[in-house]
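Visitor: I am new to this structure and would love a close look at one part of it. Could you walk me through it slowly?

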Amino acid sequence: MINYMNIVPGRYVVAVSGGIDSVVLLDMLVNQASKTVLPNLELIVAHFDHGMREDSAEDAEFVGELAKIYGLPFETERVELGSDASEAQAREARYDFLKRVQQKHIAAAIITAHHQDDLLETSIINMLRGTGHRGLHSLKSRDELLRPLLHLKKVDIVEYAKEHKLQWREDSTNQDTKFLRNKIRLDVVPRGDAEWRQKMLGHIEKASTVGAKLDREIGALLTHALRNGQIALSRSWFVKLPHVIAGEVIVALLRKLRVADVDKHLVERLTLQIKTARPGKKLDINKDHYVLMTKRSARVMNRQTHKTVRV
């Protein structure tokens, strides 16, 4: 049931929360993939405790025991984000941990348990946020982040778990509709019938195809605009770009920086300010980067070193 397309023999970090999705993913990798098509698969189980629930430490214990049962190395870390932390904050902290585990073990990629329902939820959320065509197809596999369950529905995962008598942990916050994702998951996606699902998946696939072509063209445009590998955009060049194209350049730039939360407000603010801000102005991007405006350029700076970022 796993999509093996991007998985080759090697070492991988498997993100396991303890919930049904990641428990099924781990079982599939151990009992299906490694014993059939991928006999030389090395897996490291990684669990991140956000510190957002009182009982979250029990999830870490559960996943640790699961790793022991499968005879796999286990990595875990806890932070104290608190119950008021946003989904974006939790995601950024989680992926920072997963990337550090990947580097520690020199793993080929991180594997997550995102499935088709997650794909639909993310697309709807991003449409509401106004992230454009990229928001429709943002949840996909990449070289260092594999999502081999995207073709499976939630009901397929539940069926597999029951058939193989798997145990998992239920996250109580998954029922809290103050989080937009939970509201979409509980109130929107279940209302869609098979026809709606197919139409949505068709739109996502079309957006992915068109987006890939656009990304190549914008990427070439951005590369041409960089100065000796430094992210320092010529302001005279940028001002002449049509507003929509300038915004696409900013999105491509933010993706190079691996900015976690890219929305229309951030893109629009940077696009306008790079065109109009006075020399010496600092434009905030995130906790790691800012843009320093000079008379001739907009230079992306590292907050720690205060040096121009290279790509």
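Visitor: In which sense do strand E7 and strand E8 pair, and over how many bridges?

Guide: Happy to take you there. Please keep in mind that this is a predicted model, in which local features need pLDDT of at least 70 and side-chain atom pairs count only at pLDDT 80 or more, while totals for chains, interfaces and linings use all residues. Residues are numbered from 1 along each chain as its sequence is written, and side-chain values use heavy atoms, with hydrogens and water left out.

Now to your strands. E7, residues 282-284, pairs with E8 in the antiparallel sense, over 3 bridges. Strands here are DSSP runs (E, at least two residues), helices are runs of H or I with at least four, and both are numbered from the N terminus. Two strands pair if DSSP finds at least two bridges between them. Across from Leu-292 in E8 you will find Lys-282. To get from E7 to E8, the chain passes through a hairpin of 4 residues.

Stay with E8 for a moment, since it has another partner. E8 and E9 also run antiparallel, joined by 5 bridges. Here His-289 has Asn-302 in E9 as its bridge partner. The hairpin from E8 to E9 has 3 residues.

How enclosed is E8? This strand covers residues 289-293, and 4 of its 5 residues are buried, so the rest of the structure largely encloses it. Buried means under 20% relative accessible area, exposed means over 50%, and partly exposed lies in between (1.4 Å probe, protein chains only). As a general point, side chains in a regular strand alternate between the two faces of the sheet.

Follow the chain past E9, residues 297-302, and you come to His-306 in the segment after that strand. Its phi is positive, about 60°, although His-306 is not a glycine. His-306 counts as partly exposed because its relative accessibility is 47%.

A similar backbone feature can be seen elsewhere. Lys-165 is another residue other than glycine with a positive phi, near 55°. You will find Lys-165 in the loop between helix H6 (154-163) and helix H7 (180-188). With 71% relative accessibility, Lys-165 counts as exposed.

For a last stop, look at helix H2, whose 15 residues are 56-70. Its buried residues include Phe-62, Val-63, Leu-66 and Tyr-70. Right after H2 comes Gly-71, with a positive phi near 70°.

Methods: The expected span of a helix is 1.5 Å times one less than its number of residues.
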